[in-house]
Amino acid sequence: MRVYFIGAGPGAADLITLRGVRILNNTLMVMYAGSLVPAEILTHCHKDATLINTASLSLPQQIDLFKEARDKDINVARLHSGDPAIYGAINEQMNQLQDLGIAFEIVPGVSSFTAAAASINCELTKPNVSQSIILTRVSGRASKIKEKESLENLAKHQATMCIFLSGAHLPNIIPILLKNYASDTPIALVYKASTSEERKHISTLENVLNEINVANWVLTTMLLVGDVLRPDLNFNSCLYSINYSHKYRKAKGKSSE
Ligand SMILES: C[S@@+](CC[C@H](N)C(=O)[O-])C[C@H]1O[C@@H](n2cnc3c(N)ncnc32)[C@H](O)[C@@H]1O
């Protein structure tokens with residue numbers, strides 16, 4: 001018996017890995033957070049699978065379900081939105097499974113930050129603009145953030161920032177970002193990226209709060225911030241330059257290697 005923590009992806013039924021689908025096809029107990037994992041994804045489940053929405057269950061109740069599956073000797077697919085390694089709260093489950101001697105495995109998924117970038121046709125690491133991505137969130141009731149990881153401190157890097165779980169905090173976030181990024185720095189809000197309900201709004205830090213109704217961006221919204229979102233800021237990398245040699249291609253002109 002084994003528990004599979006599967007990345008369900010951002011929502012579209014075809015943005016889950018083939019491995020995730022294969023496991024769902026063959027597993028008789030599926031646990032999923034109904035608040036984030038859309039029903040579409042459940043279409044991949046075995047027709048006889050028991051589907052359990054964990055949205056209202058505590059950790060001990062979920063562990064009881066793992067024990068029940070162990071007693072019946074059936075595998076469990078535990079679906080998490082996006083990639084389970086990012087704000088998935090899987091560590092606390094894995095610790096308990098380890099104590100119980102239950103085997104587990106993680107199947108990665110497409111995270112919502114890359115789905116949001118795809119939705120606005122943006123590369124998050126543009127040469128000479130930003131080569132770093134900060135994945136973060138603001139402090140919540142369930143998880144506090146250390147001061148050294150505060151938005152104010154992270155914003156000092158002026159790197160590309162992907163802010164999770166924070167739509168409701170936009171009125172607090174924007175003034176903090178404005179202390180470190182230029183006021184015309186672009187920000188994109190993407191709600192339910194990749195799903196049929198997807199909405200997006202692209203603006204600047206100085207204007208965004210005047211243009212939106214924050215209430216419409218409270219849940220399931222990704223905030224992308226940074227100069228990489230400027231459509232007019234483009235530098236080519238050396239990678240495909242005709243003057244750049246590497247293991248698989250010789251430079252045509254004078255090599256800049
Ligand atoms: C508990 S976190 C889970 C993140 C997930 N593990 C991932 O890799 O995307 C939930 C947050 O992820 C973001 N999110 C999840 N799915 C999203 C989607 N389809 N579009 C935009 N943001 C999404 C939102 O910021 C939401 O508040």
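**Exercise 1.** How many helices and strands are there in the protein chain? Add how much of the chain is buried.

*Solution.* A note before starting: this is a predicted model, where local features need pLDDT of at least 70, side-chain atom pairs count only at pLDDT 80 or more, and totals for chains, interfaces and linings use all residues. Residues are numbered from 1 along each chain as its sequence is written, and side-chain values use heavy atoms, with hydrogens and water left out.

- Step 1: the protein chain holds 7 helices and 10 strands, taken as DSSP runs (helices H or I, at least four residues; strands E, at least two).
- Step 2: of its 257 residues, 44% are buried (under 20% relative accessible area, 1.4 Å probe, protein chains only).

**Exercise 2.** Find the residues that surround the ligand and trace its polar contacts.

*Solution.*

- Step 1: the ligand is surrounded by 17 residues, and I86, S111, S112, A193 and T221 are the closest (a heavy atom within 4 Å).
- Step 2: look for N or O pairs within 3.5 Å. Backbone N or O atoms serve a ligand nitrogen atom at D83, 2.9 Å away, and at A193, 2.8 Å away. A polar side-chain atom of S111 lies 2.8 Å from a ligand oxygen atom.
- Step 3: on its own the ligand has 570 Å² of accessible area, and the protein covers 93% of that (Shrake-Rupley method, 1.4 Å probe).

**Exercise 3.** Why does the ligand lie between domain 1 and domain 2?

*Solution.* Check which domains give residues to the shell: domain 1 (2-107) and domain 2 (112-229) both do, so the ligand lies between them. The bounds come from an automatic or database domain assignment.

Definitions and conventions
A polar contact is a pair of N or O atoms within 3.5 Å; within protein, one must be able to donate a hydrogen and the other to accept it, and residues adjacent in sequence count only if both atoms are side-chain atoms. Buried means under 20% relative accessible area, exposed over 50%, partly exposed in between (1.4 Å probe, protein chains only).
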